[in-house]
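Please look over the sequence and the model shown here before reading on. The report below deals with charged side chains and then with the overall form.

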Amino acid sequence: MPFKTLDSLKDVAGKTALVRVDFNVPVDGGTITDDTRLRVALPTIQKLTAKGMKVALLAHFDRPKGKVVPEMSLAFVAPALSNLLGAPVSFSDDCVGDATKALITNMANGGVILLENVRFHAGEEKNDPEFAAQLAAMGDIYVNDAFSAAHRAHASTEGVAHLIPAYAGESMRRELEALDAALGTPVRPVIGIVGGSKVSTKLDLLKNLVTRLDTLSIGGGMANTFLYALGYDIGGSLCEKDMADTAREIMKLADENHCEILLPVDVVVATEFKTHAPSREISIDDALTPDDKIFDAGAKTVDILKDAISKSKTLIWNGPLGVFELPPFDKATVEAAHFAAAQTKAKLLTAVAGGGDTVAALNHAGVVDDMTFVSTAGGAFLEWMEGKELPGVAALNG
């Protein structure tokens with residue numbers, strides 16, 4: 001991918017890097033409950049300050065809808081970031097204007113300043129050219145380190161990148177390289193695991209993947225829709241029966257593109273949706289009662305999936321295989337995750353995963369650190385997997 005990285009920056013001491021980060025952190029009572037997004041930004045900040053650059057950080061927080069909402073100020077982030085960085089982080093109560101420019105100009109080389117919530121300005125989400133120009137005036141170069149916001153064509157994620165030299169930050173670079181390894185130029189064979197509750201929410205994803213993968217394993221609630229489309233009894237399980245024709249179309253598209261689809265051959269059913277509910281493992285050929293609900297894939301299905309993973313060189317994973325939040329319905333997801341992690345640690349597999357439920361499931365299995373890359377980007381990760389162009393990434397290629 002033809003984007004510029006920070007390694008190409010030369011003789012930039014004293015210049016200002018305008019860095020888009022994602023500091024939309026979870027907060028409870030004014031306290032940051034998960035500082036992952038702050039820590040992810042540290043390598044980029046440190047690389048720039050080591051070059052003697054002044055770093056001005058752009059970010060959004062919550063949804064103030066173009067108005068100044070004091071409760072949505074980013075001021076509380078500056079001290080938390082300072083603690084992680086081990087260096088002072090100043091704060092500006094605006095992200096544009098003469099006063100903000102003066103604060104940046106007066107910083108020492110290597111200094112860091114966090115600018116106020118860009119969404120306090122209506123021009124941000126409208127990608128207003130005038131607001132983008134005001135942002136561009138704050139720096140000499142632009143660095144996008146917020147892949148999670150790259151699917152939005154906003155002034156701070158897309159507009160400003162066309163006005164001053166644009167670069168990918170360290171987190172952005174790592175994300176793009178991982179995704180390219182998974183779907184762009186992967187080592188084959190490539191297998192995908194897609195789970196989740198509904199086919200309707202992942203139509204574009206499924207249609208794109210079956211044209212690009214060698215094998216696709218479908219799990220979770222959406223597998224029920226595919227099984228129903230094939231005429232299997234699914235009892236009272238979650239199922240989008242009106243999507244049966246669509247499921248058959250996806251299977252036909254997969255066949256035309258020589259992508260093998262793996263569906264459950266056995267399942268775990270229960271009549272109650274609760275932790276440690278009485279359950280039984282049955283073949284998909286067995287009859288279910290109207291009260292039986294499928295909550296997980298069975299042991300034979302997991303064995304088939306593990307065998308397919310063992311024959312693959314690349315894995316891309318989005319969505320759990322069952323209701324992993326409730327044991328014992330986490331077994332298939334955990335076992336598959338442990339196997340994929342072991343293959344990855346043995347350097348037999350490149351494993352890239354992403355999406356909120358996926359990250360939670362892999363954390364539950366305790367294997368996040370063993371995968372090649374786990375994206376926390378959510379919407380941007382899904383749109384990339386769907387084959388859509390991300391405005392924030394496309395702007396870096398200009």
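## Burial and the model

A residue is called buried when its relative accessible area is under 20%, exposed when that value is over 50%, and partly exposed in between. The structure discussed here is a predicted model, and the values that follow are computed from it.

## A salt bridge between two helices

By the rule that a side-chain nitrogen of Lys or Arg lies within 4 Å of a carboxyl oxygen of Asp or Glu, the count comes to 16 salt bridges. One of them joins K47 and E170, whose closest N and O atoms are 3.6 Å apart. This pair links distant parts of the chain, for K47 belongs to helix α1 (residues 36–50) and E170 to helix α6 (residues 170–184), with the two positions 123 residues apart in the numbering.

The two partners fall into separate classes of accessibility: E170 has a relative accessible area of 13% and is therefore buried, while K47, at 23%, counts as partly exposed.

## Two further pairs and a network

Two other salt bridges can be described in the same way. K274 and E272 meet with an N to O distance of 3.6 Å; K274 is partly exposed at 42% relative accessibility, and E272 is partly exposed as well, at 35%. In the pair formed by E386 and K388 the N to O distance is 3.0 Å, and here K388 is partly exposed, with a relative accessible area of 36%, whereas E386 is buried, because its value of 16% lies under the 20% limit.

Salt bridges that share partners also join D7, K47, E170, R173 and E177 into one network, and the pair of K47 and E170 described above thus has both its residues in that network.

## The protein as a whole

The protein has 14 helices and 17 strands, and buried residues make up 55% of its 398 residues. Among contacts with a separation of 6 or more, 73% are between residues 24 or more positions apart.

What radius of gyration does the protein have, and what would a compact globule of 398 residues have? The protein has 23 Å, which agrees with the value near 21 Å for such a globule. Along its principal axes the C-alpha trace spans about 75 × 45 × 35 Å.

The protein exposes about 16,700 Å², of which carbon and sulfur atoms supply 50%. As for its charges, the mean positions of the 37 positive and 52 negative ones are 3 Å apart.

How values were computed: Residues numbered from 1 in each chain as written. Predicted model: local features only at pLDDT ≥ 70, side-chain atom pairs only at ≥ 80, totals over all residues. Heavy atoms only, no water. Helix = DSSP H or I, 4+ residues; strand = E, 2+ residues; numbered from the N terminus. Buried < 20%, exposed > 50% of the residue type's maximum accessible area, 1.4 Å probe, protein only. Rg over C-alpha atoms; globule rule 2.2 N^0.38 Å. Contact = heavy atoms within 4.5 Å. Areas by Shrake-Rupley, 256 points an atom, 1.4 Å probe, with all protein chains shown as cover. Lys, Arg positive; Asp, Glu negative; His and termini not counted. Charge placed at Lys NZ, Arg CZ, Asp CG, Glu CD.
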